[in-house]
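Open the model in your viewer and keep the sequence panel visible. The stops below are given as selections, each followed by what is found there.

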Amino acid sequence: MFAKTAILATLAASASAFTPTTPSMAISFPKLGKAKTAKAVIPTVPDEDKPLTERLGGVGVSKPFAEGFDPLGFATRADAQEMIKYREAELKHGRVAMLAVPGFLLSEDFHPFFPNLPKWEYGIFALQDTLEQSSGVVGLAGAILAIAAFEARSFKAWEVPEGTPGSEASTYFKMKTDIVPGATLPAGPWTSDKLSPEEFAGKQTAELNNGRLAMIA
């Protein structure tokens, strides 16, 4: 009897050695190697939310407007391309206004090209009398052609029109982002190749401020 019991115990132990391991019986070991670390995600700030001190190199920011001069909030609705277009338009309008200020002061009493005009006429009446002369019409046509030729030089600053107008991917009416706004005809002693970056930025800010004052005047 004792021999039979010993034989049965031996057979049971040998059979349990081939029993499949259940999940609760499994032992997990940590994997060796470098642990993967999550990459830090840096949030991107939209161009519209950036302060003017960080846009277009901070040009145009000066006292008493330490955060930039944008009373109507155009910059808050403009991305990088739109901001360049706004700055180009601001510079052109400012330059025209600066030329117009001495014109207001001199043209009513000083017009050597049209000596037959009376010196007491003002505004629209002086323009009408000027255009009634053949030399005045020639002068107006020459001025329009000169302006058109100068403006044609700025065509290279615009993107080649592609896509559907009005769509997000369209390049219609969009300017390139690698240009200097207003640098259509760089000439004179104040160009970027003749000044340090700090001096050039100062000249750009001075031109903007003078143009803004002339537009207000």
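Select Arg-55 in this predicted model, and show the residues around it. Leaving aside residues up to four places away in sequence, Arg-55 touches Asp-47, Glu-48, Lys-50, Ala-75, Ala-78, Asp-79, Ala-80 and Met-83. Arg-55 sits in the loop between α1 and α2. Is Arg-55 buried or exposed? Its relative accessible area is 6%, so Arg-55 is buried. For one of these contacts, draw a C-alpha to C-alpha distance from Arg-55 to Met-83: the two are 8.4 Å apart in space and 28 residues apart in sequence. Met-83 is itself among the buried residues of α2.

Stay in the loop and move to Leu-56. Leu-56 also belongs to the loop between α1 and α2. Its phi is positive, about 55°, although Leu-56 is not a glycine. Leu-56 counts as partly exposed because its relative accessibility is 27%, between the 20% and 50% cut-offs.

Next, select Lys-63 and Pro-64. The peptide bond from Lys-63 to Pro-64 is cis, and its omega is near 5°. Pro-64 lies in the loop between α1, residues 2–16, and α2.

Now colour the whole chain by secondary structure. The protein chain has five helices and zero strands, and from the N terminus on its elements run α-α-α-α-α. Of its 217 residues, 19% are buried. Among contacts between residues at least 6 apart in sequence, 52% join residues at least 24 apart.

Select α2, residues 80–106. This helix has 27 residues and spans 40 Å from its first C-alpha to its last, close to the 39 Å expected at 1.5 Å a residue. Which residues of α2 are buried? They are Gln-81, Met-83, Ile-84, Arg-87, Glu-88, Leu-91, Gly-94 and Ala-97. An α-helix has 3.6 residues a turn, so residues three or four places apart point the same way. What covers the buried residues of α2 includes α5.

Add α5, residues 197–216, to the selection. With 20 residues, α5 reaches 29 Å from first C-alpha to last, close to the 28 Å expected at 1.5 Å a residue. Its buried residues are Phe-200, Gln-204, Thr-205, Leu-208, Gly-211, Arg-212 and Ala-214. They pack against α2.

Show both helix axes. How do α2 and α5 cross? Their axes come within 7 Å and cross at roughly 60°. That angle makes α2 oblique to α5, because the perpendicular class begins at 65 degrees. The crossing of α2 past α5 is left-handed.

Display side chains where the two helices meet. On the α2 side, select Arg-87, Glu-90, Leu-91, His-93, Gly-94, Arg-95, Ala-97, Met-98 and Val-101. On the α5 side, select Glu-207, Leu-208, Asn-210, Gly-211, Arg-212, Ala-214 and Met-215. By type, the residues of this contact are seven nonpolar, four polar and five charged. Arg-87, Leu-91, Gly-94 and Ala-97 are also among the buried residues of α2. On the other helix, Leu-208, Gly-211, Arg-212 and Ala-214 are likewise among the buried residues of α5.

From Val-101, go to Ala-217. Ala-217 is in the segment after α5. The C-alpha atoms of Ala-217 and Val-101 are separated by 7.9 Å, with their positions 116 residues apart along the chain. Ala-217 counts as exposed because its relative accessibility is 76%.

Return to α2 and pick Glu-82, which lies in this helix. At 22% relative accessibility, Glu-82 counts as partly exposed. Label Lys-174 as well: Glu-82 and Lys-174 are 92 residues apart in sequence and 7.1 Å apart in space, C-alpha to C-alpha.

The last selection is Phe-173. Phe-173 is in the loop between α4, residues 134–152, and α5. Although Phe-173 is not a glycine, it has a positive phi of about 60°. Is Phe-173 buried or exposed? Phe-173 is exposed, with a relative accessible area of 64%.

Notes:
Residues numbered from 1 in each chain as written. Predicted model: local features only at pLDDT ≥ 70, side-chain atom pairs only at ≥ 80, totals over all residues. Heavy atoms only, no water. Axes fitted to C-alpha atoms, helices over the stretch in contact; angles between N-to-C directions. Helix = DSSP H or I, 4+ residues; strand = E, 2+ residues; numbered from the N terminus. Parallel < 35°, antiparallel > 145°, perpendicular 65-115°, else oblique. Left-handed = near helix turned anticlockwise from the far one by under 90°. Contact = heavy atoms within 4.5 Å. Nonpolar A, V, L, I, M, F, W, Y, C, P; charged D, E, K, R; others polar. Expected span 1.5 Å × (residues − 1). Buried < 20%, exposed > 50% of the residue type's maximum accessible area, 1.4 Å probe, protein only.
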